[in-house]
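Student: I would like a close look at the ligand site, please. Start from the residues around it and then work outwards, so that I can follow along on my screen.

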Amino acid sequence: MLTSFDSFGLHSALLKALQNKAYAQPTPIQQSAIPEALAGKDVLASAQTGSGKTAAFVLPILQQLAEQTLFSPRRTLALVLVPTRELAMQVGEVFKQLGHHLPQAVQITTLFGGVSINPQMMRLRGGSDVVVATPGRLLDLVDRNALSLAHVETLVLDEADRLLDMGFALELERILSLIPAKRQSLFFSATFPTTVQQLANTLLLEPVRIDVQPEVENAADITQRAVLVDAANRTQLLRHLVEQNKWARVLVFVATKHAAEMVAVKLRKARINAEPFHGEQSQGKRVQVLADFKASRLTVVVATDVAARGLDIASLPVVVNFDLPRSAVDYTHRIGRTGRAGEQGLAISFVSSDTQAHWQLIQKRQAANTPHVTLDLVAGFEPQDAPLEVSFSNGGIKGKRPSKKDKLRAAAAAQS
Ligand code: AMP
């Protein structure tokens with residue numbers, strides 16, 4: 001049984017903000033993490049996007065700030081490190097929304113790369129109580145003496161696995177050397193491979209471990225499907241599915257920026273409102289695409305993994321893996337974009353004959369409690385480029401592609 005937010009002893013201004021956001025009850029991660037964080041303990045939480053993890057660290061930080069007199073010029077007392085600019089913006093926004101009614105204004109600054117550094121330096125002039133940042137840009141600003149990390153009392157690593165995946169290990173090491181050893185650290189990660197565990201060990205002091213749900217159990221509200229289709233027919237299939245199911249909002253994942261552009265162009269030709277979303281677009285363009293998607297002016301956003309990381313779009317009913325993700329971890333992150341905050345979600349993966357083995361590997365690496373996803377066919381899109389032997393057994397399709405040798409033998413047999 002979940003208790004209410006009232007039981008945490010939060011400032012009335014925070015409770016008012018929660019009411020405005022219509023958060024009636026804490027999510028399980030909030031339920032577990034908020035009291036521990038408020039008590040000043042280090043926290044090691046296994047939590048995915050969609051679990052409500054952001055408010056789980058934002059609320060205790062705002063509460064702690066509300067309880068003390070803030071300095072002028074402001075000192076950075078809380079530092080939140082995130083892997084991408086989108087996540088930085090989202091987390092910054094949650095801080096602003098939840099901190100809005102506090103009697104003592106809290107200065108929150110969001111810092112990320114890919115945009116001009118000067119406005120960020122200007123914004124930091126009077127100091128900032130809370131800084132939400134991607135590691136590279138943060139260090140650039142520290143190197144330019146635009147801010148000091150010497151007073152940080154609370155450090156948050158959000159999506160720590162992704163921070164490491166994106167190659168931020170050295171930056172993290174440097175940032176850790178710049179903040180006081182005596183501090184509170186809150187560590188959030190969806191997955192815990194050895195590297196993430198090692199980072200947690202160096203960072204945390206006797207942490208309270210919070211493991212609200214095993215990795216993909218979170219996906220309980222997500223129906224997973226896989227469709228076998230020839231690679232060349234995927235855009236047509238996507239178009240068919242969007243039209244037939246009257247999907248109003250679909251996030252489509254592709255492997256490259258080029259593919260994002262191409263698929264979006266093809267969909268637009270079919271009069272489906274689609275835009276690409278990838279790291280080579282200007283920040284302005286990405287913000288615009290996101291706003292249009294949220295406001296239902298776009299039906300489909302075709303995104304690369306890096307760009308889509310941390311996207312928080314309420315009510316995203318469908319995610320399509322047009323290209324399969326590289327790893328099972330990426331698969332989990334991708335499908336976690338749908339079925340958020342208790343809503344129903346659907347994740348569909350397109351599998352072609354040449355990616356079938358990779359699909360099986362992704363399946364194998366999924367948590368043991370994840371239901372096995374069988375390969376379906378969609379009428380009119382049955383693959384021509386199918387495996388030689390396709391048999392339906394146990395609901396799945398087993399296949400064997402002809403090897404070069406098989407093809408030569410078949411050709412020789414045909415001639416004889
Ligand atoms: P997060 O995992 O922090 O990205 O949050 C996922 C989504 O859940 C966001 O859209 C939040 O606005 C929403 N959310 C977070 N906490 C709650 C809550 N206690 N009740 C309802 N929705 C929530």
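**From a buried glutamine to the ligand site and beyond**

Tutor: Happy to, and let's begin with one residue as a warm-up: Gln 184 has a relative accessible area of 6%, and because the cut-off for buried is under 20%, Gln 184 counts as buried. Please keep in mind throughout that this is a predicted model. Gln 184 belongs to strand 6, which covers residues 184–189. Its side chain has polar company from two backbone oxygens: that of Ala 37 at 2.9 Å and that of Lys 41 at 2.7 Å.

Ala 37 is a handy stepping stone, since helix 2 spans residues 28–38. Look at the loop that joins helix 1 (12–20) to helix 2, and you will find Pro 26 there. Pro 26 is buried too, with a relative accessible area of 1%. Now trace from Pro 26 to Gly 52: these two are 26 residues apart along the chain, while their C-alpha atoms are separated by 8.3 Å.

Gly 52 brings us to the ligand itself. The ligand has 16 residues around it, and those that come nearest are Tyr 23, Gln 30, Gly 50, Gly 52 and Thr 54. Three polar approaches are worth finding on your screen. Gln 30 places a polar side-chain atom 2.8 Å from a nitrogen atom of the ligand. Ser 51 uses its backbone instead: one of its polar backbone atoms is 3.0 Å from a ligand oxygen. For Gly 52, a polar backbone atom lies 2.7 Å from an oxygen atom of the ligand. As for cover, the ligand taken alone exposes 500 Å², and 81% of that is buried by the protein.

Sorted by class, the shell consists of nine polar, four nonpolar and three charged residues. It also draws on two parts of the chain: domain 1 (5–211) and domain 2 (217–392) each contribute residues to the shell, so the ligand lies between them.

Now step outwards into domain 1, which runs from 5 to 211. Strand 3 (residues 108–111) is covered on both faces. Ile 108 and Thr 110 are buried on one side, and Thr 109 and Leu 111 are buried on the other. Strand 3 runs parallel to strand 4 (residues 130–133), and four bridges join the two. To find the register, put Thr 109 opposite Val 131 of strand 4. While you are in this half, have a look at the loop between helix 3 (53–66) and strand 2 (78–81), where Pro 73 sits. The peptide bond leading into it from Ser 72 is cis, with omega near -5 degrees.

Across in domain 2, which covers 217–392, there is an open sheet of seven strands with parallel pairing, ordered 10-11-9-12-13-8-14. Strand 10 (274–277) and strand 14 are its edges, each pairing on one side only. Strand 8 (residues 222–228) is a good place to settle: five of its seven residues are buried, so the rest of the structure largely encloses this strand. One neighbour of strand 8 is strand 13 (residues 345–351), which runs parallel to it and is joined to it by seven bridges. Within that pair, Thr 223 has Leu 346 as its bridge partner. Strand 8 also pairs in the parallel sense with strand 14 (residues 375–376), here over two bridges, and Ala 226 has Leu 375 as its partner. Elsewhere in the sheet, four bridges link strand 9 (residues 250–253) and strand 12 (residues 318–321), again in the parallel sense. Val 252 is matched with Val 320 of strand 12.

Finish with two loop residues whose backbone angles deserve a glance. Lys 246 lies in the loop between helix 10 (234–245) and strand 9. Its phi is near 55 degrees, a positive value although the residue is not glycine. Lys 246 counts as exposed, at 71% relative accessibility. Ser 296 is in the loop between helix 12 (283–294) and strand 11 (300–303), and it is another non-glycine residue with positive phi, near 60 degrees.

Conventions:
Residues numbered from 1 in each chain as written. Predicted model: local features only at pLDDT ≥ 70, side-chain atom pairs only at ≥ 80, totals over all residues. Heavy atoms only, no water. Buried < 20%, exposed > 50% of the residue type's maximum accessible area, 1.4 Å probe, protein only. Pairing = 2+ DSSP bridges. Near = heavy atom within 4 Å. Polar contact = N/O pair within 3.5 Å; in protein donor to acceptor, adjacent residues only side chain to side chain. Areas by Shrake-Rupley, 256 points an atom, 1.4 Å probe, with all protein chains shown as cover. Nonpolar A, V, L, I, M, F, W, Y, C, P; charged D, E, K, R; others polar. Domains from an automatic or database assignment.
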